Amino acid sequence: MKNICLFCGSNSGNDGIYVTATQAMVRAIGDAGLGIVFGGGNIGLMGVVAETALASGVNVTGVTPRRLLEREMVHTGLTELHVVESMHERKVMMAELSDAFIALPGGMGTLDEFFEMVTLNQLGVQSKPCGLLNVHGYYDHLYAFLGHAVKARFINPAHRDMIVLDDDQRRMVTKLADWTMPQTSKWMDQQR
């Protein structure tokens with residue numbers, strides 16, 4: 001692995017634990033000798049990613065749509081900044097630049113980005129580890145819902161289990177490095 005992509009909120013949340021956990025995640029990635037790819041923002045947890053990476057000497061690459069750059073919501077002091085035309089292009093470039101993905105706490109955009117990467121794995125388009133950093137139980141209900149979808153037979157259990165869930169930053173980096181892609185079909189009802 002060379003780069004881990006961090007998906008996270010453009011807000012900081014209602015508890016300082018989210019900021020502290022984000023800082024620890026950035027440091028754990030840096031301590032592993034890896035770089036970071038993220039959405040390029042200068043606010044919320046994205047801003048925490050940028051500032052912590054720069055202060056820790058971690059290479060940090062941002063990918064942002066031009067519209068956000070024009071609204072001055074982008075960190076301009078990054079190691080590298082790529083400006084694209086759309087949110088879709090942003091996700092494509094983030095996927096190309098990254099070897100693994102971690103969703104920190106965040107909202108709709110974080111979930112959209114994370115689940116697109118999981119879906120690309122599920123379809124066999126890529127084979128890159130995806131993890132949820134479960135800060136203070138933030139992703140407990142989401143992971144329980146995925147279990148419900150498995151029971152309802154909409155998600156193959158192997159595909160739910162390919163998502164790494166952990167609340168420890170260093171363990172997360174280790175688990176992503178050791179991850180292997182499950183060899184199973186997405187389509188459980190496929191005709192033979």
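Start by selecting helix 5: this helix gives the lining of the largest pocket its largest share, four residues. Keep in mind as you go that you're looking at a predicted model.

**Stop 1: the largest pocket**

Now add strand 1 (3-7), helix 2 (44-56) and helix 4 (87-97) to helix 5 (108-122), since each of these elements supplies at least two lining residues. Zoom in on the middle by picking Cys8, Gly9, Ser10, Met46 and Thr110, which lie nearest the pocket's centre. The whole lining has 28 residues, and the space inside comes to about 410 Å³. Try colouring the lining by class: you should get 15 nonpolar, eleven polar and two charged residues.

**Stop 2: the second largest pocket**

This pocket has a volume of about 220 Å³. Select Lys2, Asn3, Gly35, Asn59 and Thr61, the closest to its centre among the 15 residues that line it. Strand 2 (35-38) and strand 4 (80-84) are the elements giving two or more residues to this lining. Colour by class again, and you'll find four nonpolar, nine polar and two charged residues here.

**Stop 3: inside strand 1**

Go back to strand 1 and click on cysteine 5. Is cysteine 5 buried or exposed? Its relative accessibility is 0%, so it counts as buried. Next, draw a distance from its C-alpha atom to that of valine 60: the two are 9.6 Å apart, although 55 residues separate them along the chain.

**Stop 4: a patch on the surface**

Show the surface and pick Leu123, Val125 and Trp187, which make a nonpolar patch of about 320 Å². Leucine 123 sits in the loop between helix 5 and strand 6 (130-133). With 40% relative accessibility, leucine 123 counts as partly exposed.

**Stop 5: salt bridges**

How many salt bridges does the structure hold? There are nine, and here are some to look at.

- Select glutamate 85 and arginine 66, whose side chains meet at 2.9 Å, N to O. Glutamate 85 is in the loop between strand 4 and helix 4 and arginine 66 is in helix 3 (residues 66-70), so the pair ties together parts 19 residues apart in sequence.
- Select aspartate 161 and arginine 160, with their closest N and O atoms 2.7 Å apart. Aspartate 161 is partly exposed at 46%, while arginine 160 counts as buried at 17%.
- Select aspartate 167 and arginine 171, which meet at 3.0 Å, N to O. Aspartate 167 is exposed at 51%, and arginine 171 is partly exposed at 42%.

To finish, add Asp166 and Lys175 to that last pair: Asp166, Asp167, Arg171 and Lys175 are linked in a network of salt bridges.

Note on methods: Residues are numbered from 1 along each chain as its sequence is written. This is a predicted model: local features need pLDDT of at least 70, side-chain atom pairs count only at pLDDT 80 or more; totals for chains, interfaces and linings use all residues. Side-chain values use heavy atoms; hydrogens and water are left out. On a 1 Å grid over the protein atoms alone, a cavity is a set of points where a 1.4 Å probe fits but cannot get out, and a pocket is an open set with protein on both sides within 12 Å along at least five of seven lines; lining residues have an atom within 4 Å of a point. Grid points are joined across faces, edges and corners, and a volume is the space filled by probe spheres set on the points. Ala, Val, Leu, Ile, Met, Phe, Trp, Tyr, Cys and Pro count as nonpolar, Asp, Glu, Lys and Arg as charged, and the others, Gly among them, as polar. Patches are made of residues with over 30% relative accessible area and no salt bridge: like charges are joined within 9 Å, nonpolar side chains (Val, Leu, Ile, Met, Phe, Trp, Tyr) within 5 Å. Accessible areas come from the Shrake-Rupley method with a 1.4 Å probe; for residues, only the protein chains shown count as cover. A salt bridge is a side-chain nitrogen of Lys or Arg within 4 Å of a carboxyl oxygen of Asp or Glu. Buried means under 20% relative accessible area, exposed over 50%, partly exposed in between (1.4 Å probe, protein chains only).
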